[in-house]
Amino acid sequence: MSELYEKYDIKESVVQKWAEKTYPQFLGNPSLLAQLYLRQVKKVTLDPSSITIMRGKQVLINELKEGEWCIIEGVVATKMRENAYSGCPVCMKKIEGEYCPTDGKVVPTTHRWIEYVVGDNSGDVIVSFPPRIANTMGDITGQILQIRGVLGDQGSFL
Ligand SMILES: [Zn+2]
């Protein structure tokens, strides 16, 4: 079971009951449900370092292959770049003015993509954090993270 239940003093039975209505297709993944429940019901912004990713193949950074989903574990060394844009608060797409083609009239919010250099003993790679994570993320320099993602054709991991 995920340590998030203990850390944040939430009951698995309560989370399961909530998830039966909201995420019935993911009932088999208590760690994922805890993250969703904390964010959406308890309004807790999780520290990325408190999240343990359970599944997937862990590889060294110099073993990353383009297009293959996997997990890396590394230390966040340097913030490289931050791109901010005005977007839809629902679907996160970039929009002009207050109209989203998917969601209609919305109040635009500022979304951010943030890139960090993450390295392990074998090498380093630029990791792009998308707005869903980056919008609420503080400075994570120096933290050791397990990150699930895929190496894209631009050479960055996201
Ligand atoms: Zn939208």
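How many helices and strands does the chain have? The chain has four helices and seven strands, where helices (H or I, at least four residues) and strands (E, at least two) are DSSP runs, numbered from the N terminus. The model is predicted: local features need pLDDT of at least 70, side-chain atom pairs count only at pLDDT 80 or more, and totals for chains, interfaces and linings use all residues. Residues are numbered from 1 along each chain as its sequence is written.

**Figure 1. Overview of the chain and its domains.** Along the sequence, helices and strands follow the pattern α-α-α-β-β-β-β-β-α-β-β. The C-alpha atoms fill a box of roughly 45 × 45 × 25 Å, taken along the principal axes. The domain assignment gives domain 1 (2-50) and domain 2 (57-157); such bounds come from an automatic or database domain assignment. The C-alpha centres of domain 1 and domain 2 lie 22 Å apart. Of the 158 residues of the chain, 17% count as buried (20 or more other C-beta atoms within 10 Å of the residue's own; exposed means 12 or fewer, and partly exposed in between; C-beta atoms are placed from the backbone).

**Figure 2. The open sheet of five strands.** The strand order is S6-S1-S4-S5-S7, and the pairing is mixed. Strand S6 (144-150) and strand S7 (156-157) each have a single partner strand, so one side of each is left without a neighbour in the sheet. Two strands count as paired if DSSP finds at least two bridges between them.

**Figure 3. The hairpin of S4 and S5.** Four residues connect S4 to S5 in this hairpin. Strand S4 (residues 109-119) pairs with S5 in the antiparallel sense, over six bridges. Opposite Phe129 in S5 stands Ile114.

**Figure 4. The parallel pairing of S5 and S7.** Strand S5 (residues 124-129) is joined to S7 by two bridges. Ile126 has Ser156 of S7 as its bridge partner, and the bridge partner of Val127 in S7 is Phe157.

**Figure 5. The two faces of strand S5.** Val125, Val127 and Phe129 form the covered face of S5. Asp124, Ile126 and Ser128 belong to the uncovered face. In a regular strand, side chains alternate between the two faces of the sheet. Val127, on the covered face, has Phe157 as its bridge partner in S7, while Ile126, on the uncovered face, is paired by a bridge with Ser156.
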